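Let's take a walk through this structure together, one helix contact at a time. Have the model open beside you and follow along.

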Amino acid sequence: MEREHNLVPEDTLWKRFLYRIIYRSDTKLGKLFDIILLSLILISTAIIMMESVPQLDKRFHYTFLVFEWIISLFFTIEYWSRIAVVKNKKQYIFSFFGIIDFLALVPFYLSFFFPITKYFLIFRMLRMLRIFRIFNLLDFMNDGYLIVKALKNSSRKIYIFLLFLIIFSVIVGSLMFMVEGGRPGFETIPQSIYWAVVTVTTVGYGDVSPITPMGKFFAVILMLAGYSIIAVPTGIVTAEMRNKRQNLEKICDRCGNEDIDDDARYCKQCGKKLA
């Protein structure tokens with residue numbers, strides 16, 4: 001996850017001044033700008049929610065429209081300002097926060113051609129992640145980074161698990177189609193697979209349920225298996241997080257390198273023998 005404070009400001013004085021306000025929160029103006037930004041995100045999200053209520057939209061439609069224009073224009077100016085004041089522009093544009101800023105802006109302009117896309121403005125809530133930087137809660141962001149790394153390192157095991165789950169659901173769904181004999185909710189194999197997925201994931205919508213004794217027996221087996229299956233990815237990610245946490249605790253005394261393998265005896269950067 002790219003951190004905004006790794007970006008380098010332009011040499012121009014006014015751009016450096018704007019950079020300090022937009023990207024940093026260690027000044028009064030910077031803190032005020034960030035708080036205004038977060039407030040507008042919350043207001044924008046509230047407007048989108050209220051627009052989906054027909055009674056409110058009918059009564060305050062033009063008010064909502066004016067606020068959407070004002071807020072979206074502010075975000076547009078802010079987005080281009082972020083690009084303008086940094087040297088490494090591509091680094092910001094394709095960074096985690098840069099992509100989120102772009103996604104939070106595009107739906108407003110797409111709504112000119114496809115009105116339904118305005119509800120994608122709800123993605124602006126993702127910009128609330130900046131609250132960790134604004135209020136000096138970067139330790140929380142580091143914990144989030146740890147989770148992302150653990151998920152990434154566990155991805156191959158999780159893919160294999162998901163493949164097994166898909167195969168299991170297809171087989172059980174097909175069996176239920178045969179056992180239930182085309183009863184409501186099991187008229188086709190895809191419908192039966194839908195029931196199997198809902199059951200094995202312990203979601204249990206209750207809109208479809210077996211009637212035959214054999215079908216109920218399969219349902220019981222599937223529900224009990226669901227509790228065991230759900231625990232598998234949790235255990236995989238937890239184990240990876242534990243390993244990552246232990247690696248982060250290993251730091252080279254000479255160069256401060258934190259990227260140290262479990263079985264490493266020497267630092268890979270400076271060659272110092274590890275304790």
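A good place to start is where α2 and α3 meet in this predicted model. From α2, the residues Phe33, Ile36, Leu37, Leu40, Ile41, Ile43, Ser44, Ile47, Met50 and Glu51 take part, and they touch Leu56, Asp57, Phe64, Phe67, Glu68, Ile71, Phe74, Phe75, Glu78 and Arg82 of α3. Sorted by class, the residues of this contact comprise 14 nonpolar, 1 polar and 5 charged.

Now look at the geometry. Two packed helices are described by the angle between their axes and the distance between the axes. For α2 and α3, the axes come within 9 Å and cross at roughly 145°, and the crossing is left-handed.

Next, step back towards the N terminus and find helix α1, residues 13–23. Its partner here is helix α2, residues 28–51, and the two pack at an angle of about 50° with their axes 7 Å apart. That angle makes α1 oblique to α2. On the α1 side, the contact is made by Phe17, Arg20, Ile21 and Ile22, while α2 brings Leu29, Gly30, Phe33 and Asp34. The class count for α1 with α2 is 5 nonpolar, 1 polar and 2 charged residues. If Phe33 sounds familiar, that is because you have already met this α2 residue in the contact with α3.

Helix α1 also reaches α3, which spans residues 54–84. The axes of α1 and α3 come within 10 Å and cross at roughly 125°, which makes α1 oblique to α3. This crossing, too, is left-handed. Follow Lys15, Ile22 and Tyr23 in α1 and you will find them meeting Ser81, Arg82, Ile83 and Ala84 in α3. By class, the contact of α1 with α3 has 4 nonpolar, 1 polar and 2 charged residues. Two residues are worth revisiting: Ile22 also belongs to the contact of α1 with α2, and Arg82 also belongs to the contact of α2 with α3.

Finally, move along the chain to a pocket. Which helices each supply at least two residues of the lining of the second largest pocket? They are α10 (189–200) and α11 (213–249). The volume of this second largest pocket is about 190 Å³. It is lined by 15 residues, and the closest to its centre are Trp195, Val198, Thr199, Gly204 and Met223. By class, the lining has 9 nonpolar, 5 polar and 1 charged residues.

Conventions
Residues numbered from 1 in each chain as written. Predicted model: local features only at pLDDT ≥ 70, side-chain atom pairs only at ≥ 80, totals over all residues. Heavy atoms only, no water. Axes fitted to C-alpha atoms, helices over the stretch in contact; angles between N-to-C directions. Helix = DSSP H or I, 4+ residues; strand = E, 2+ residues; numbered from the N terminus. Parallel < 35°, antiparallel > 145°, perpendicular 65-115°, else oblique. Left-handed = near helix turned anticlockwise from the far one by under 90°. Contact = heavy atoms within 4.5 Å. Nonpolar A, V, L, I, M, F, W, Y, C, P; charged D, E, K, R; others polar. 1 Å grid on protein atoms, 1.4 Å probe; cavity = no way out; pocket = protein on both sides within 12 Å on 5 of 7 lines; lining within 4 Å. Points joined across faces, edges and corners; volume = space filled by probe spheres on them.
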